[in-house]
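This report describes how the parts of one protein chain are arranged and which side chains pair within it. The sequence and the structure are shown first.

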Amino acid sequence: MERSMDLNKALILGIESSCDDTAASVLEINSKGSEIKSSIVHNQFNLHKEYGGVVPEIAARAHAELIDIVVEKSLKSANVVIKDINAIGVTAGPGLIGGVLSGLMFAKGLSVSIKKPLIGVNHLAGHALTPRLTNKVNFPYLMLLVSGGHCQFLIVHNYNSFERLGGTIDDAPGEAFDKAARLLGLKQPGGPAIEEAAKTGDEDRFDLPRPLLDREDCDFSFSGLKTALMRKQNELTKKQGGLFEKDVCDLSASFQQAMHDVIVEKSIRAIDLYSKITNRKPTFSIAGGVAANKKIRHSLKNICTTKKVDFLAPPLDLCTDNAAIIAYAAAERFLHGDYDDTTLSARPRWPLDDQKPAILGSGKKGPKA
Ligand code: KG4
Ligand code: ZN
């Protein structure tokens with residue numbers, strides 16, 4: 001197919017269904033850059049809440065039932081019809097396989113019926129390229145992806161070239177926040193609930209570990225922290241028969257502080273490592289739900305100011321799962337004439353950096369990249 005570099009305008013339909021958000025977006029790319037024409041996100045939170053986590057089978061079925069409705073909404077909201085679309089970008093992994101398949105099968109059918117290119121997007125690339133969508137950041141730059149399913153530092157060299165500097169060897173940080181909240185009887189999603197409870201809590205009351213800070217690298221581990229929190233909670237329950245509100249607030253504050261300290265310290269190391277590898281200072285960007293945490297966000301901004309490094313935190317609705325970032329990642333490939341066809345397969349695991357050995361562990365979305 002022809003290279004599309006000098007198109008005046010193209011419309012990309014993005015589709016996302018890798019976890020518990022069914023999302024569709026219409027993105028316009030033109031000579032000035034890109035513009036989100038619509039972004040519809042349907043969260044399945046209510047379907048999963050009684051199970052305390054995302055149930056893959058329920059998620060897959062809900063995606064399959066909703067995807068056409070969400071796509072139609074996104075077209076309507078962008079004031080376009082399906083034949084105006086120039087290409088379809090769809091998450092092809094990593095993620096819960098049933099959900100990814102629901103989106104991919106729909107996208108394939110659409111691509112065949114409207115005779116427009118199909119572009120399979122790595123969900124992580126969608127997050128990693130967000131600073132180019134929001135701020136037209138030039139390559140290369142440093143990215144910290146901190147969500148409920150993922151946690152990694154990446155040097156983004158190009159739209160199709162990523163170098164992983166480190167990541168979690170067990171839980172993702174959002175997952176750790178969610179498990180901690182469950183343990184403390186707080187509502188889901190756990191991150192915002194812990195953040196709220198921590199506001200009036202004493203972060204020094206409980207001495208919780210800062211895992212892997214003794215290792216020089218940029219890897220994380222969060223499962224030991226969760227176990228340490230459980231131990232403190234058990235001790236208190238044994239001693240006084242349960243938790244008082246003050247205990248919940250103090251445990252939340254101590255837990256948040258430990259998460260914060262680890263993420264901030266490892267970010268300092270990642271910035272230094274980036275400078276060593278590339279011989280220049282990075283632009284440092286974050287994405288993922290945990291990037292919404294005010295304490296973490298604030299400190300990351302501060303370390304960047306101290307290190308004279310540009311800091312970028314995309315708006316929250318583009319940090320969390322959505323289809324505009326998927327449409328944008330597809331747009332980068334579209335502009336290079338880089339398309340897929342209907343043999344494209346869904347991948348539950350799809351590391352962005354194939355050169356690095358796999359990181360152990362499994363998250364909310366399945367095995368870690
Ligand atoms: O990126 P996201 O919307 O979905 C994926 O996991 O891909 O991230 C959701 C995660 C949840 O685990 C949630 O608890 C966490 O982000 N989160 C937060 C905050 N807001 C959301 N964690 C800490 N502090 C927050 N304010
Ligand atoms: Zn995500």
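A polar contact is a pair of N or O atoms within 3.5 Å; within protein, one atom must be able to donate a hydrogen and the other to accept it, and residues adjacent in sequence count only if both atoms are side-chain atoms. By this rule, five residue pairs, both members at pLDDT 80 or more, are in polar contact across the interface of domain 1 and domain 2. The structure is a predicted model, and the values below are to be read accordingly.

**Domains and their interface**

The domain assignment divides the chain into domain 1, comprising 9-137 + 318-349, and domain 2, comprising 141-315. To the contact between them, domain 1 contributes 22 residues and domain 2 contributes 22 residues. The C-alpha centres of the two domains are 27 Å apart.

The size of an interface is often given as the accessible area lost when the parts come together. Between domain 1 and domain 2 the buried area is about 1800 Å², and carbon and sulfur atoms give 75% of it. On the side of domain 1, L124, A128 and C319 supply 30% of the area buried against domain 2, more than any other three residues. No salt bridge contributes here, the count between domain 1 and domain 2 being zero.

Which helices supply at least two residues each to the side of domain 1 that touches domain 2? They are α4 (123-128), α5 (130-135), α11 (316-319) and α12 (324-334). Sorted by class, that side of domain 1 holds ten nonpolar, eight polar and four charged residues.

**D321 and its histidine partners**

D321 is situated in the loop between α11 and α12. With a relative accessible area of 15%, D321 falls under the 20% cut-off and is therefore buried. The side chain of D321 makes a polar contact of 3.1 Å with that of H123. A further polar contact, of 3.0 Å, links the side chains of D321 and H127.

**Salt bridges**

In the whole structure, 18 salt bridges are found. Three of these pairs are set out below, with the distance between their N and O atoms.

| Salt bridge | N to O distance |
|---|---|
| E28 and K37 | 3.5 Å |
| K37 and E35 | 3.3 Å |
| R333 and D338 | 3.2 Å |

Is E28 buried or exposed? E28 is buried, at a relative accessible area of 10%. Its partner K37 counts as partly exposed because its relative accessibility is 31%, between the limits of 20% and 50%. E35, which also pairs with K37, is partly exposed as well, at 40%.

The pair of R333 and D338 joins a buried residue to a partly exposed one: R333 has 14% relative accessibility and counts as buried, whereas D338 has 25% and counts as partly exposed. Elsewhere, salt bridges that share partners join D171, E175, K179 and K226 into one network.

**The surroundings of E28**

E28 belongs to strand β2, which spans residues 21-30. Besides its salt bridge with K37, the side chain of E28 takes part in a polar contact of 2.9 Å with the side chain of N30. What does E28 touch, leaving aside its neighbours within four places in sequence? The residues in contact with E28 are K9, A10, L11, G33, S34, E35 and K37. Thus K37 and E35, paired with each other in a salt bridge, both appear among the contacts of E28.

**Helix α6 and G224**

Helix α6 covers residues 173-183, and eight of its eleven residues are buried, so the helix is largely enclosed by the rest of the structure. The buried residues of α6 are P173, G174, E175, A176, F177, D178, A180 and A181. One of them, E175, is a member of the salt-bridge network that also includes D171, K179 and K226. Just after α6, G185 adopts a positive phi of about 75°.

G224 lies in helix α8, which covers residues 223-240. At a relative accessible area of 34%, G224 is partly exposed. Although G224 and A176 are 48 residues apart in sequence, their C-alpha atoms are 9.8 Å apart in space. A176 itself is among the buried residues of α6.

Key:
Residues numbered from 1 in each chain as written. Chains lettered and ligands numbered in written order. Predicted model: local features only at pLDDT ≥ 70, side-chain atom pairs only at ≥ 80, totals over all residues. Heavy atoms only, no water. Domains from an automatic or database assignment. Contact = heavy atoms within 4.5 Å. Buried area = accessible area lost by both parts, 1.4 Å probe. Salt bridge = Lys/Arg side-chain N within 4 Å of Asp/Glu carboxyl O. Helix = DSSP H or I, 4+ residues; strand = E, 2+ residues; numbered from the N terminus. Nonpolar A, V, L, I, M, F, W, Y, C, P; charged D, E, K, R; others polar. Buried < 20%, exposed > 50% of the residue type's maximum accessible area, 1.4 Å probe, protein only.
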